[in-house]
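The following exercises concern one protein chain. Each task is followed by a solution worked in steps.

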Amino acid sequence: MIVHHHHAHRRAAQGFPHAAAPAKKAHLTPGKRGWQPRVAGPPLTGDRGTRISGHWMPPRYGMGRGALATYPSAMETDTMGALAFGRHTFDPARCELRTAGGAPVPLGQRAARLLQALIEAGGRVLSRDDLLRRAWPGQDIDDGNLRVQIAALRRALADDRALIGTVAGRGYLFAGRAERRAAARPRLPGPAPHLVGRVSAGPGLVDDVLARVAASRFVTLAGAPGIGKTALALAAAHRDGGTVAWAGLDAAGTEEGMLAIVAAALGCMPGQRWSSAAGLAARLPAAPRFAPALLVLDNCEHLADACSRLVETLLAQCPELRVLATSRQPLLASGETVLRVPALDLPPPGETDPARLAGSGAVALFVARAAVASTASPRASTPAGSMHDASTHVCSPDVASTAFLPDAADLMSIAAICRRLDGLPLAIELAAAQVPALGLRRIAAGLDDMLRLLQGPPGATTRHRTLRAALDWSHVLLPPAAQEALRRLARLPAWFTLDEAAAVLRPSQSAYEAIDSLAVLAAHSLLVVEHGHGARFRLLSTTRAYALSLGNS
């Protein structure tokens, strides 16, 4: 896995000659959140705190000497969300109060309305009339009913009964520090994946990702379309063991849409509109601001600049937050560490030993996926010996061992197919899924038209349903000059030099423009760069097939 620390322009990061590195536009980060609503009326203060209802309120309630209480304002309180204060959690929708270690206590509708009104007041004193209107709207109610409900709330709070204070002659106030509990966050998009084909890297690959996230706080998993970035991020999220917020950004078409998805993942109140990263950071609940958490931003490439601004802002405002992003290109944010996700390992050409063939990551993935496809197919009973006409799509080793048992000849055919596909996991999975219908021989022959062959199941995500769809997603993000360069470079041999690339791009692009196009393609993970005595470049076979199809059309 290749690691980059980005603080400069993509071209310089890729090590291209003559590539200037213009300064990245500075992004302003917001200051610390500063809302501090005052308690209505002049509290009586002293060395011990504030005196309310004959009780001294210690500083832990935010009412100590010389300091203002920091309560959430009414507009920041979700009327249907849970509110947490001290050992207690209050659910207005269920009219329940839960104390740590205990069962929920039903409060009744009137008492729940009173408690919610007091909390939403943000430390202000509410009069008798205020509370009666809130709990008994439109009714003429005796003060005794109010006192009964206040007493019931204090009994429910038990040792913390003094949180509901009486201000003589004025009314009641809530003297605690309440926070809206994080809204239900999107769950991780699946169980911890079994990274078939990554066994050679072992748990060390996932551990390496988490170690770098812990060290730098911000890591981007970058790589070609279908290389397995999301699967690796999901495995890391499950392995992390702490609080994880997952934000899948492939459906976000604008910066506002991206901010809304991230806000929901971090537990912000739903239904709000977010126009800037600074606004989002200022309104985060306390948990992601001050407690350790991992935020995963999946599929950032189409909103790279907006994601860069967001991450820089969040890391500045949330000292315990860590960010793991997946993108086909680096985000170029301050402090970013880029891990290039490698292709699966391939057996060397000419390898014939069945154990070594089966032990390579690419062959192992093909066999595993073909097993699932075979068990789901009516042809799953086909004998293994004739499996040049069948194969799989699994996750379970038990299924793989019973549904598809390739012999030595089959393994050699599979290895040849995987080499043609450059060890790209998505392409291997799509090919393996065709085994029950086509068999190994026809798949190998069909790779001459791999874009037509590599079709996914209807249930796959839009971008991963076909190999063409995965590459379309990358192509549309390229500037016109890089799109033209991609089509022309597909005519070159497997490996080519900078001079050869510049020659094929003339006269529409100058030598410097050619360098820039190569840098853009490399940054978008569409061009492989090998550094030695002189840089060499190549397109993956899947990318070359796609680029040639564009030229033909």
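**Exercise 1. Overall character and confidence**

What percentage of the 553 residues in the chain is buried? State also how reliable the model is.

*Solution.* The model is predicted, so local features are described at pLDDT of at least 70, side-chain atom pairs count only at pLDDT 80 or more, and totals for chains, interfaces and linings use all residues. Residues are numbered from 1 along each chain as its sequence is written, and side-chain values use heavy atoms, with hydrogens and water left out.

Step 1. Buried residues (under 20% relative accessible area, with exposed over 50% and partly exposed in between; 1.4 Å probe, protein chains only) make up 49% of the 553 residues. The accessible surface (Shrake-Rupley method, 1.4 Å probe; for residues, only the protein chains shown count as cover) is about 24,700 Å², and carbon and sulfur atoms hold 54% of that area.

Step 2. The chain has a mean pLDDT (the predictor's confidence in each residue, from 0 to 100) of 78, with 75% of the residues at 70 or more. Among the elements (DSSP runs numbered from the N terminus: helices are H or I of at least four residues, strands E of at least two), strand β2 (residues 45-46) has the lowest mean pLDDT, 30, and strand β12 (residues 218-222) the highest, 98.

Step 3. The pLDDT is below 50 over residues 7-80, a stretch with 162 contacts in the model beyond near neighbours in sequence; a contact means heavy atoms within 4.5 Å. Residues 379-402 also have pLDDT below 50, with 78 such contacts.

Step 4. The chain contains 22 helices and 19 strands. Of its contacts with a separation of 6 or more, 68% join residues 24 or more positions apart.

**Exercise 2. The nonpolar cores**

Identify the residues with the most contacts inside the largest nonpolar core, and the element that gives the most to this core.

*Solution.* A nonpolar core is a set of buried Ala, Val, Leu, Ile, Met, Phe, Trp, Tyr and Cys residues joined through side-chain atoms within 4.5 Å.

Step 1. The largest core has 84 residues, and those with the most contacts inside it are Leu-221, Leu-324, Phe-366, Leu-421, Leu-454, Leu-489 and Leu-521. Helix α12 (residues 361-376) gives the most to this core, with 8 residues.

Step 2. Leaving aside neighbours within four places in sequence, Leu-489 is in contact with Phe-496, Ala-501, Val-504, Leu-518, Leu-521, Leu-539 and Arg-544.

Step 3. Another core, of 35 residues, lies apart from the largest; Ala-247, Cys-268, Leu-310 and Leu-321 are among its members.

**Exercise 3. Strands β12 and β13**

Which strands pair with β12, and how do its side chains point?

*Solution.* Two strands pair if DSSP finds at least two bridges between them.

Step 1. Strand β12 runs parallel to β15 (residues 321-327), joined by 5 bridges, with Val-323 as the bridge partner of Phe-218. Strand β12 also pairs in the parallel sense with β16 (residues 336-340) over 4 bridges, where Thr-220 stands opposite Val-338.

Step 2. In a regular strand the side chains alternate between the two faces of the sheet. In β12, Phe-218, Thr-220 and Ala-222 point one way and Val-219 and Leu-221 the other, and all are buried.

Step 3. In strand β13 (residues 244-248), 4 of the 5 residues are buried, so this strand is largely enclosed by the rest of the structure. Strand β13 runs parallel to β14 (residues 293-298), with 5 bridges; Val-244 has Leu-294 as its bridge partner.

**Exercise 4. Two open sheets**

Give the strand order of the open sheet of 5 strands and of the open sheet of 3 strands.

*Solution.*

Step 1. The sheet of 5 strands has the order β8-β7-β6-β5-β11, with antiparallel pairing. Its edge strands, β8 (105-106) and β11 (179-180), each pair on one side only.

Step 2. Helix α2 (residues 109-120) packs on this sheet and touches β5 and β6; the helix direction makes about 115 degrees with that of β6. These angles run from 0 to 180 degrees between N-to-C directions, the axes being lines fitted to C-alpha atoms, for helices over the stretch in contact.

Step 3. The sheet of 3 strands has the order β17-β19-β18, also with antiparallel pairing. β17 (496-497) and β18 (528-530) each have a single partner strand, so one side of each is left without a neighbour in the sheet. Between β17 and β19 (residues 536-538) there are 2 bridges, and Thr-497 has Arg-536 as its bridge partner.
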